[in-house]
Amino acid sequence: MEFKHQPTVTLAEVADAAGVGESTVSRVLRNYGSFSEKTRDRVMAAVERLGYVPNRIAGTLASTGSRLVAFVIPSLSNIVFPDVLRGASAILEESGYQAVFSVTDYDSQREEALAAAMLAWRPAAVMLAGYEHTDGTLKILRASGCRIVELLDLDGAALDLAVGFSNLAAGRVSAEFLLRRGYRRIGYVGHDLNRDTRAGKRFSGFCATLGAGDAPLADREILAGASSVENGRLGLERLLARTPDLDAVYFSNDDMALGGYFHCLARGISIPSQLAIFGYNGLDIGRAMPQPLSTIRTPRVATGKIAAQLVVTNAPPQVVDLGFELIEGATA
């Protein structure tokens, strides 16, 4: 199947939909010159309905083909996303493309605003994390006329290109591993699952598998805000204070698991004989721990590389499943 770009929504189409001239639309969007409040409302309603974003580089890149690739990512403090950028940048630079990025802090409304800002520069492609976007984001992406790449998740329907792995399956595999090792009193420590939808999917797959194995999740501790080593330490402390008889804890990622490991060291809790710890991501620091972390290793750099290759070769719409690797480690 040959990929066909959807036509970009033009200023003229907005003007026609609003029943005004193109110069009036331009004045409204630049908030410069004279126009009535009623006219502004009509123009902005047309802009929202059509998914129009203004072209900041009118005529220049539009005529020659943009060499920009925009990344709208949730975080830079989480090493996952810098790894993706590192993989993609190597391929893009070799092909004469320039990567630009913005950070949403896991805020879906901010993702929408940043996606619109990036699309205003008419990039060749936009890369985003996951499948969950606001209706407004979906509208402007579909109307953009550029390639859309969704990264690090395959549990959903792709808009165009998708590269990653199933987070639901990662959660299931993690639970199956702990059950095979004989753990039955299992808890969870994680961060905001509503904002980090991929962590939410892993948690869902994990809990469903525990339930099917007649060992339903014993307790959970969900902390507000982003994941961090400190939140992992604090989360495990709170969880064990409430449910001290747990024999294993699943963490939303390796950062949180590392914090849990430090808590156990400080309290003299033997790992894994008294408490097993399991993470997610397969970070280098987990392998360097005195007891290598039991976790799931994800292909983050490879995700970025393959996503970039699909863009520079103008590949047809497709979903690329890179899978993941179970690392047995020594903490479970």
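Strand pairing and burial in a predicted model

User: What joins strand 6 to strand 8, and which way do they run?
Analyst: Strand 6 and strand 8 run parallel and are joined by four bridges. Please keep in mind that this is a predicted model.

User: Which residue stands opposite isoleucine 186 there?
Analyst: The residue opposite isoleucine 186 is alanine 248, which lies in strand 8.

User: And how does strand 6 pair with strand 7?
Analyst: Strand 6 pairs with strand 7 in the parallel sense as well, over four bridges, and within strand 7 it is isoleucine 222 that stands opposite glycine 190.

User: What is the order of strands in that sheet, and is it open or closed?
Analyst: It is an open sheet of four strands in the order 7-6-8-9, and the pairing is parallel. The edges are formed by strand 7, residues 219-222, and strand 9, residues 276-278, each of which pairs on one side only. From one strand to the next, the twist averages 15 degrees.

User: How many bridges are there between strand 8 and strand 9?
Analyst: Three bridges pair strand 8, residues 248-251, with strand 9, again in the parallel sense. For valine 249, the bridge partner in strand 9 is isoleucine 277.

User: Which strands does helix 8 touch?
Analyst: Helix 8, residues 167-180, packs on the sheet and touches strand 6 (186-190), strand 8 and strand 9, with a direction that makes about 160 degrees with that of strand 9.

User: And helix 9, what does it touch?
Analyst: Helix 9, which covers residues 197-212, also packs on the sheet, where it touches strand 6, strand 7 and strand 8, and its direction makes about 175 degrees with that of strand 6.

User: Back to strand 6 for a moment: how many of its residues are buried?
Analyst: Strand 6 is mostly covered, with five of its five residues buried. The cover extends to both faces, since Ile186, Tyr188 and Gly190 on one side are buried, and so are Gly187 and Val189 on the other.

User: OK, new topic, strand 3. Why is it described as largely enclosed?
Analyst: Strand 3 is largely enclosed by the rest of the structure because five of its five residues are buried. Ala125, Met127 and Ala129 point one way from the strand, while Val126 and Leu128 point the other way, and all of them are buried.

User: What pairs with strand 3, then?
Analyst: Strand 1, residues 68-73, runs parallel to strand 3 and is joined to it by four bridges, with phenylalanine 71 standing opposite methionine 127. Strand 4, residues 147-151, pairs with strand 3 in the parallel sense over five bridges, and there isoleucine 148 stands opposite valine 126.

User: Where is threonine 134?
Analyst: Threonine 134 sits in the loop between strand 3 (125-129) and helix 7 (135-142).

User: Buried or exposed, and why?
Analyst: Threonine 134 counts as buried because its relative accessibility is 13%, and buried here means under 20%. Not counting residues up to four places away in sequence, threonine 134 touches Ser108, Gln109 and Glu112.

User: What about valine 84, where is that one found?
Analyst: Valine 84 is found in helix 5, residues 80-94, and at 4% relative accessibility valine 84 counts as buried. Leaving aside neighbours within four places in sequence, valine 84 is in contact with Leu151, Leu152, Arg300 and Gly304.

User: How far apart are the C-alpha atoms of valine 84 and leucine 217?
Analyst: Those C-alpha atoms are separated by 32 Å, and the two residues are 133 residues apart along the chain.

User: Zooming out, how many helices and strands are in the protein?
Analyst: The protein has 13 helices and twelve strands, and its C-alpha atoms fill a box of roughly 75 × 45 × 35 Å along the principal axes. Of the 332 residues, 51% are buried.

User: And what share of the contacts join residues at least 24 apart?
Analyst: Considering contacts between residues at least 6 apart in sequence, 68% join residues at least 24 apart.

User: Last one: what about the surface and the charges?
Analyst: The accessible surface comes to about 14600 Å², with 51% of it belonging to carbon and sulfur atoms. There are 33 positive and 36 negative charges, and their mean positions are 3 Å apart.

Note on methods
Residues are numbered from 1 along each chain as its sequence is written. This is a predicted model: local features need pLDDT of at least 70, side-chain atom pairs count only at pLDDT 80 or more; totals for chains, interfaces and linings use all residues. Side-chain values use heavy atoms; hydrogens and water are left out. Two strands pair if DSSP finds at least two bridges between them. Helices (H or I, at least four residues) and strands (E, at least two) are DSSP runs, numbered from the N terminus. Axes are lines fitted to C-alpha atoms, for helices over the stretch in contact, and angles run from 0 to 180 degrees between N-to-C directions. Contact means heavy atoms within 4.5 Å. Buried means under 20% relative accessible area, exposed over 50%, partly exposed in between (1.4 Å probe, protein chains only). Accessible areas come from the Shrake-Rupley method with a 1.4 Å probe; for residues, only the protein chains shown count as cover. Lys and Arg count as positive and Asp and Glu as negative; His and the chain ends are not counted. The place of a charge is taken as NZ of Lys, CZ of Arg, CG of Asp or CD of Glu.
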